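Colleague: Please choose one part of this model for a close look, and explain it in connected prose with each term defined. A first-year student will read the answer beside the picture.

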Amino acid sequence: MRIETACAVAVLVIAACPSLGWAETSCNAEDEEALRVLGKTMQSGHGPSFAARAVVQTAVGSQQIVITRGMPDPDGNYSVQIPDHSSDCDNMSHRLLLEPEHSCGVAQWYKFRVERQMLGDDTATIITALPKDVYRHGFQLVVDEKNDIVLRSTTFSGSNALENVELRALSLASKPEVEGDEVPSVAALPDTAQPQANEGGSSWSLGWLPAGFEEASMSHAAVVQARTYTDGLSTFSIFVEQPKGEIRLGEGMVNRGATLAYTRGLQTSQGAALVSVIGEIPINTARMLVESLEWSDRAE
């Protein structure tokens, strides 16, 4: 799957939320309504099963994928399955969205607008999340509250739409799935991974992180260390590879829809390093993250 499709679906599926910082400590009525709808949609386990064809549109073109929840792809092709999230799902994004200790949740970092619009015989809820700083993108979600389904997700920067994902040919299950039905199960997303020991080499940390982002997971495989961060709506990962040989210094980047892939070769106090930032953030945010990296010897 192309990287823009994976991240577009992540937003469409809805796993959301933030942290502590400079933002307001009380929610207004519109923030509370947006959080209510997001929280209800996030707990999608009680919603109906469905299958839909989704169109992913970016500046370079469009592609179609199949998205399902609680039922197999009706055509038997490859599809993206939405996992169910129960109310006690231990997921960083979910906790940051609504937990009381996080004040207004993701509303600390985004200004919400909530509108209602007729969609056939039903009413759709349109939630627009405008970032309160320049370090993240904005989002607009069109939600079918009756069935707890995100019908359209748009990621934008300023007035420019970066990516649009829209469900089409939506097919709801005629009845709820019951035990014994042969529906492919979807494994839950893992919690924060414990990093494996890195013999020798060096460790790194971020000297700067945009307000609201928190570390969601970390892992280590071979010579690559990876950490993922989220504010609830936006997510990015940092991959640090420290090869034994020489590397080419400099930077490169590729944008696919809302997803940025930024790579820079560095000479650090601990040797050469190849750093990659992949996620739904602006290029300047990725540059500032890489420039803030701090290096230290890893304890034996």
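Modeller: A residue is called buried when its relative accessible area is under 20%, exposed when it is over 50%, and partly exposed in between (1.4 Å probe, protein chains only). The model is predicted, so local features need pLDDT of at least 70 and side-chain atom pairs count only at pLDDT 80 or more, while totals for chains, interfaces and linings use all residues. Residues are numbered from 1 along each chain as its sequence is written, and side-chain values use heavy atoms, leaving out hydrogens and water.

Some context comes before the close look. The protein chain contains 4 helices and 16 strands (DSSP runs numbered from the N terminus: helices are H or I with at least four residues, strands are E with at least two). Of its 300 residues, 48% count as buried. Among the contacts (heavy atoms within 4.5 Å) with a separation of 6 or more, 58% are between residues 24 or more positions apart.

The part chosen is an open sheet of 6 strands, arranged in the order 10-11-12-15-14-13 with antiparallel pairing (two strands pair if DSSP finds at least two bridges between them). Its edges are strand 10, residues 214-221, and strand 13, residues 250-256, each of which pairs on one side only. From one strand to the next, the twist averages 15°. Angles run from 0 to 180 degrees between N-to-C directions, and axes are lines fitted to C-alpha atoms, for helices over the stretch in contact.

At the strand 13 edge, strand 13 and strand 14 (residues 259-268) are joined in the antiparallel sense over 7 bridges. Here R256 faces T259 of strand 14. A helix accompanies this region: helix 4, residues 283-291, lies across strand 12 (235-241), strand 13, strand 14 and strand 15 (271-279). Helix 4 runs at about 25° to strand 14.

Within strand 14, R264 deserves attention. R264 counts as buried because its relative accessibility is 14%. Setting aside neighbours within four places in sequence, the contacts of R264 are G250, E251, A273, L274, V275, R287, V290 and E291. Comparing these numbers with the ranges above, G250 and E251 can be traced to the stretch around strand 13, A273, L274 and V275 to strand 15, and R287, V290 and E291 to helix 4. The side chain of R264 also makes a polar contact of 2.7 Å with the side chain of Y262. A polar contact is a pair of N or O atoms within 3.5 Å; within protein, one must be able to donate a hydrogen and the other to accept it, and residues adjacent in sequence count only if both atoms are side-chain atoms. V240 lies 24 residues from R264 along the chain, and the C-alpha atoms of the two are separated by 9.9 Å.

The strand 10 side of the sheet brings in aromatic rings. The structure holds 4 aromatic pairs (rings of Phe, Tyr and Trp, using its six-membered ring, pair if their centres lie within 6.5 Å; planes under 30 degrees apart are stacked, over 60 edge-to-face, and the rest tilted). The pair of F213 and F236 is tilted because the ring planes stand at 55°, with the centres 5.2 Å apart. F213 belongs to the loop between strand 9 (202-206) and strand 10, whereas F236 belongs to strand 12, and the two are 23 residues apart. Both F213 and F236 are buried. Ring pairs also bring Y229 into a cluster with F213 and F236.

A charge also meets a ring in this model. The charged end of R227 sits over the ring of W204, 4.1 Å from its centre (NZ of Lys or CZ of Arg within 6 Å of the ring centre and within 35 degrees of the ring normal).

For comparison, another aromatic pair joins Y110 in strand 4 (residues 110-119) to F139 in strand 6 (residues 138-144), 29 residues apart. Their ring centres are 6.3 Å apart and the planes are at 55°, so this pair is tilted. Y110 is buried because its relative accessible area is 0%, and F139 is buried because its relative accessible area is 2%. The charged end of R136 sits over the ring of Y110, 5.9 Å from the ring centre.
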